[in-house]
Amino acid sequence: MKLKLLVTAGDGIGPEVTREAVAVMQAATGIGGHTLEITEKRIGGIAITTDGTPLPEETLKAALDSDAVLLGAVGGNEFNSLPPDKRPEAGLLAIRAALGGFANLRPAFAFKELAVNSPLRPEIVDGADVLFVRELLGGLYFGQPRAWDKAKGEAWNTMRYTRDEVARVARIAFQLAQKRRKKLCSVDKANVLEVSQLWRAVVIEVAAGFPDVELEHQYVDAMAIHLMNRPKDFDVVLTENLFGDILSDESGVITGSLGMLPSATIGGKVNLYEPIHGSAPDIAGKGLANPLGAILTGALVLRHTAGLEVEAVAIEKAVRKVLEQGFRTPDLARQNPQGLPVLKTAEMGAKVRETVQQLLK
Ligand code: NAD
Ligand code: IPM
Ligand code: MN
């Protein structure tokens, strides 16, 4: 099997964590004689600085010409005063739109070894396994009209969804629930917003085709607390773009760190894979970043695009093993009574890589 992978590492810790993810993927695929053909292109702040645009034509072309795209993170404090359409983040939104994937899968799996790292009690998080299905191409992020009228002192964005946009992502969420614990929680704000009333009505229609999946609805404000109080009650959580952005970051509390969370975006021309965290300017360039979210994202590439389930599982098992052995990056070592070894980004990457090799030998 040959996989053409475009790597767009981006800014801040993006290059630091994607480097480790790629090395682990190479170790996992090399053993079975598979080939990863890697191309690297710029996106985000680095592309603004070098090419004058956050998504250069060349990057987009290479993305559309790949089997999958692995993206690190974009954004930097030096761009914070730019308007949304000129910022690094605009490059990310543009590549998402161009690739067309509308279902962003964000699994939040609580490794037992990290339960002590969560501010929640271990018995609350241990065993939690939630899959967020975040709609990625609609809602406030893309709705028109949008503007900031500085003269008037007024700004507006539009949360807009069509029936089809809701139905297509809901179908994917129900299909995934069928392969898991057959529970789906749809999150909205239907007590206030028409767009959420449409969302809920369409989800109920789609649910009719999946009678084996138990459906519940929650308002997003209540969901924010249910997730912290009883994360184990949730299986698949389906929600719109902004709510999914917020709730999936919140799930970093369940996993013990934002740096543990991977994602895969499916349903378009080319799947896009990204850890859910950002460029973390506060720790960038210091070797402090946790690469495990990016490494687990690499496992999703092998599973969803390459069909290499054995290799994907090996990466996930290797992550568990190094955690069992007590290795931590600084974000995972806040509670470190046993004085566990605290590793730099590249050292953690190397541990996972070696373990993958042992597992697949
Ligand atoms: P962030 O996710 O970059 O960081 C939030 C906090 O989590 C920080 O304290 C950071 O140090 C920590 N953190 C994040 N990832 C980590 C990791 N792998 N290991 C250890 N600690 C980690 O969010 P932010 O600070 O709100 O945003 C910074 C920039 O990143 C902004 O420009 C934002 O727009 C951008 N951003 C990009 C993406 C993306 O490219 N997918 C996602 C989120 C934010
Ligand atoms: C994420 C990020 C992005 C989003 C930003 C950087 C555009 O927060 O991937 O979660 O809001 O989708
Ligand atoms: Mn986010």
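How many salt bridges does the rule find across the interface of domain 1 and domain 2? I began my notebook with this question, and I kept in mind throughout that the model is a predicted one.

**Entry 1: the two domains.** I looked up how the chain is divided, and I found domain 1, which takes in 1–107 + 257–361, and domain 2, which covers 119–255. I then noted that 19 residues from domain 1 and 21 residues from domain 2 take part in the contact. For the spacing, I wrote down that the C-alpha centres of domain 1 and domain 2 are 23 Å apart.

**Entry 2: the interface.** I reminded myself that the size of an interface is often given as the accessible area lost when the parts come together. Here I recorded a buried area of about 1800 Å² between domain 1 and domain 2, with 67% of it given by carbon and sulfur atoms. Returning to my opening question, I found that the rule gives zero salt bridges across this interface, whereas it does find six residue pairs in polar contact there, both residues of each being at pLDDT 80 or more.

**Entry 3: the side of domain 1 that touches domain 2.** I listed the elements that give two or more residues to this side, and they are α4 (88–99), β4 (103–109) and β11 (264–266). I noted that β4 provides the largest share, five residues. When I sorted the residues of this side by kind, I had 12 nonpolar, five polar and two charged.

**Entry 4: aromatic pairs.** I looked up the aromatic pairs and found that the count by this rule is three. One of them is formed by Tyr-161 and Trp-199, which meet edge-to-face at 5.4 Å centre to centre, with 70 degrees between the planes. I saw that Tyr-161 lies in the loop between β7 (154–156) and α6 (163–178) while Trp-199 belongs to helix α7 (residues 194–207), so this pair ties together parts that are 38 residues apart in sequence.

**Entry 5: backbone details.** I recalled that most residues other than glycine have a negative phi, and that most peptide bonds are trans. Against that background I noted a cis peptide bond between Gln-144 and Pro-145, with omega about 0 degrees, and I placed Pro-145 in the loop between β5 (129–135) and β6 (147–149). I also noted Lys-182, which is not a glycine and yet has a positive phi of about 60 degrees; I located Lys-182 in the loop between α6 and β8 (183–188).

Note on methods. Residues are numbered from 1 along each chain as its sequence is written. Chains are lettered from A and ligands numbered from 1 in the order in which they are written. This is a predicted model: local features need pLDDT of at least 70, side-chain atom pairs count only at pLDDT 80 or more; totals for chains, interfaces and linings use all residues. Side-chain values use heavy atoms; hydrogens and water are left out. Domain bounds come from an automatic or database domain assignment. Contact means heavy atoms within 4.5 Å. Buried area is the accessible area (1.4 Å probe) that two parts lose on being put together, summed over both. A salt bridge is a side-chain nitrogen of Lys or Arg within 4 Å of a carboxyl oxygen of Asp or Glu. A polar contact is a pair of N or O atoms within 3.5 Å; within protein, one must be able to donate a hydrogen and the other to accept it, and residues adjacent in sequence count only if both atoms are side-chain atoms. Helices (H or I, at least four residues) and strands (E, at least two) are DSSP runs, numbered from the N terminus. Ala, Val, Leu, Ile, Met, Phe, Trp, Tyr, Cys and Pro count as nonpolar, Asp, Glu, Lys and Arg as charged, and the others, Gly among them, as polar. Rings of Phe, Tyr and Trp (its six-membered ring) pair if their centres lie within 6.5 Å; planes under 30 degrees apart count as stacked, over 60 as edge-to-face and the rest as tilted.
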